[in-house]
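Let's get to know a protein chain by working through a few short exercises. Try each task yourself before reading on to its solution.

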Amino acid sequence: RPVVVDFWADWCAPCKVLMPLLEKIAKEYQGAFLLAKVNADQQPGIAQQLGVRNLPTVMVIQDGQPVDGFAGAQPEPVVRRMLEKYLPKPWDGLFARGLDAMAQGDFNTALTPLRQAWTESKQRPDITLAYAQALIECHRLDEAETLLDGLKAADRDADYEQLRAYIATKREAAVSPEVRALERRLAENA
């Protein structure tokens, strides 16, 4: 998980405005990132090693390397936009749960988290494909076809084509000669 490092000092008034904002956001994300507070007066070596020149300075560290940050107090929307690039989206967990259920062969259970992830992500293409596959496995072919129809041409890759073919195969299997013979017998002798 990413580490957000807040460099501050007791004498820095903007630091005292920014720190509660970062703490509030960290609490909202419930552990999705670690908030580390470094007093630049007490730990000048760390601040110097990371090139901190002004206070407050906030850095996002991923895989041990600084990847983003800003200096000076920033308004909440700016802070949130920067952090959102590195934090998991709310639908990522739902998507993972849906994929896990599909891997277990439990497609009915997969439908709910996949539907929610699909809605919350504003119909992200990879989630759309997984949701369509779960629908197909649950024999909800019309719904799956509607989902696939909604994909942009640029997102229609080999997985898309494979799901289209799977729908066609499922439909053909539903009207096999055996099924037709049974339907004919039923019509003749209800």
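The exercises below concern this predicted model.

**Exercise 1. Describe the make-up of the chain in terms of helices and strands.**

Step 1: Start with the totals, which are nine helices and four strands.
Step 2: Then follow the order along the sequence, which reads β-α-β-α-β-β-α-α-α-α-α-α-α.

**Exercise 2. Find out how the radius of gyration of the chain stands against that of a compact globule of 190 residues.**

Step 1: For a compact globule of 190 residues, expect a value near 16 Å.
Step 2: Put the value of the chain beside that figure: 26 Å.
Step 3: Now look at the spans of the C-alpha trace along its principal axes, about 90 × 30 × 25 Å.
Step 4: Add the burial, where 38% of the 190 residues count as buried.
Step 5: Finish with the accessible surface, which comes to about 11600 Å², with 52% of that area belonging to carbon and sulfur atoms.

**Exercise 3. Decide which cysteines form a disulfide, and say whether each of them is buried or exposed.**

Step 1: The cut-off to apply is a pair of cysteine sulfur atoms within 2.5 Å.
Step 2: In cysteine 12 and cysteine 15 the sulfur atoms are 2.3 Å apart, and the two residues form a disulfide.
Step 3: The count under this rule is one disulfide.
Step 4: Turn to the handedness: the link of cysteine 12 and cysteine 15 is right-handed, with 85° about the S-S bond.
Step 5: For burial, the limit is under 20% relative accessible area. Cysteine 12 has 3%, so it is buried, and cysteine 15 has 1%, so it is buried too.
Step 6: Cysteine 138 can be judged by that limit as well; its relative accessibility is 16%, so it counts as buried.

**Exercise 4. Locate the cis peptide bond that involves proline 56.**

Step 1: Look at the bond from leucine 55 to proline 56, where omega is near -5° and the peptide is cis.
Step 2: Place proline 56 on the chain: it lies in the loop between α2 (44-49) and β3 (57-62).

**Exercise 5. For aspartate 63 and lysine 122, give the phi angle, the loop and the exposure.**

Step 1: Aspartate 63 is a residue other than glycine, yet its phi is positive, near 55°.
Step 2: The loop that holds aspartate 63 runs between β3 and β4 (65-71).
Step 3: Exposed means over 50% relative accessible area. Aspartate 63 reaches 80%, so it counts as exposed.
Step 4: Lysine 122 is not a glycine either, and its positive phi is about 60°.
Step 5: Its place is the loop between α5 (107-120) and α6 (125-137).
Step 6: With 72% relative accessibility, lysine 122 therefore counts as exposed.

**Exercise 6. Where does alanine 174 lie, and how far is it from alanine 101?**

Step 1: Find alanine 174 in helix α8, which covers residues 158-174.
Step 2: Check its accessibility, which is 47%; alanine 174 therefore counts as partly exposed.
Step 3: Compare the two separations: alanine 174 and alanine 101 are 73 residues apart in sequence, and their C-alpha atoms are 25 Å apart in space.

**Exercise 7. Report how far apart the mean positions of the positive and negative charges are.**

Step 1: Count the charges of the chain, 23 positive and 27 negative.
Step 2: The mean positions of these two groups are 4 Å apart.

Conventions:
Residues are numbered from 1 along each chain as its sequence is written. This is a predicted model: local features need pLDDT of at least 70, side-chain atom pairs count only at pLDDT 80 or more; totals for chains, interfaces and linings use all residues. Side-chain values use heavy atoms; hydrogens and water are left out. Buried means under 20% relative accessible area, exposed over 50%, partly exposed in between (1.4 Å probe, protein chains only). Helices (H or I, at least four residues) and strands (E, at least two) are DSSP runs, numbered from the N terminus. The radius of gyration is taken over C-alpha atoms; the globule rule is 2.2 Å times the number of residues to the power 0.38. Accessible areas come from the Shrake-Rupley method with a 1.4 Å probe; for residues, only the protein chains shown count as cover. Lys and Arg count as positive and Asp and Glu as negative; His and the chain ends are not counted. The place of a charge is taken as NZ of Lys, CZ of Arg, CG of Asp or CD of Glu.
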